[in-house]
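Colleague: Before accepting the terms used for this model, I should like to hear the grounds for them. Please take me through the strands and sheets.

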Amino acid sequence: MKITTLVDNLCISSREDLKVERGLSLHIETSSTDILFDTGNSRTFCDNARLLDIDIAEVGLVVLSHRHHDHCNGTLHFTEANSKAKIYMRECEDQNYYFQAFGFKSNVGMDKEILERNSHRIEFVKNTTEISNNIYIVTKIDEKYAQSLGNKYLYTQSKTGFERDKFNHELILVIKEEDGLVVFTGCAHSGVLNMVETVVNLFPEQKIKAVVGGFHLVGLPVFNSIGGSKQDIEVIGQVLAEYPIDKFYTGHCTGMKAYAILKQVLSDRLEYIPTGLSVYL
């Protein structure tokens, strides 16, 4: 498997031609198909893909981790470049999504034009499903651990009014290979520990080669603060270290301050995945 970061908040130093944005998009090459996991916030992932010699038209399927703009809004540009791939999302109630803090409120939900224009291509997944050979979408996420403490600024609005986002629109992507599983977290608003625990329970006795994606340990992104305390992040790292997982690849919403704390705990088992980086698993 080859994973290339098409969009992240940061870029590898050797590729000044690539653009960055606060978002995430990963291109995943497997033995059977090419997968796009999230599409960032704009057409930036498409432009970067071209510069990285990745043909978006050849992507076989798309998985959107949750309904926030920085993971979904590039989908409109994807459908202009690719006419064949199905787009998979978790089934959930129609809601609006907001960031709210200190009297400031901002819509962070996906562009609903994506749903309106692509209803014929979107597959809503309610239960854990094998969407292609050895490629799984997991929808029921364990609640053994707390959700991300950075979620406290995130809300939903439905017919019943405003409430804290429960993240029932979030999913996990799991790809099974001969030598183990690779787990993709998106933002891990449900808690990266809960996501790992979910996969461990769903696939008992299966080795997890890697966990890839954001861990949403950032508090206020504009200040790059951490969600919770330094000790909270250290505990998350210590629990992750107890799982027999070879590597953790993270970026985007993990935040650089939280990443530095995790790095002290996980050492060379943890790596950042900036725009332009490819890893082979």
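Modeller: The model is a predicted one. Let us begin with β2 (residues 25-29) and β3 (residues 34-37), which run antiparallel and are joined by four bridges.

Colleague: Why are β2 and β3 called paired strands?

Modeller: Pairing requires at least two bridges between two strands. Strands β2 and β3 have four bridges, so they count as paired. Within this pair, I28 is placed opposite I35 of β3.

Colleague: To which sheet do β2 and β3 belong?

Modeller: They belong to an open sheet of seven strands with mixed pairing, in the order β8-β5-β4-β3-β2-β1-β18.

Colleague: What makes β8 and β18 edge strands?

Modeller: Strands β8 (122-125) and β18 (278-280) each have a single partner strand, so one side of each lacks a neighbour in the sheet. Neighbouring strands here are turned against each other by 20° on average, direction ignored.

Colleague: Which helix lies across β1, β2 and β3?

Modeller: That is α1 (residues 44-51), and it runs at about 130° to β1 (2-7).

Colleague: What is the strand order in the open sheet of four strands?

Modeller: The order is β7-β6-β11-β12, with antiparallel pairing. Its edge strands, β7 (104-107) and β12 (161-164), each pair on one side only. In this sheet the average turn between neighbouring strands is 35°, direction ignored.

Colleague: How do you know that β6 and β7 pair?

Modeller: Strand β6 (residues 96-101) is linked to β7 by four bridges in the antiparallel sense. The criterion is at least two bridges, so the pair qualifies. As one instance, Y98 has N107 in β7 as its bridge partner.

Terms used
Residues are numbered from 1 along each chain as its sequence is written. This is a predicted model: local features need pLDDT of at least 70, side-chain atom pairs count only at pLDDT 80 or more; totals for chains, interfaces and linings use all residues. Side-chain values use heavy atoms; hydrogens and water are left out. Axes are lines fitted to C-alpha atoms, for helices over the stretch in contact, and angles run from 0 to 180 degrees between N-to-C directions. Contact means heavy atoms within 4.5 Å.
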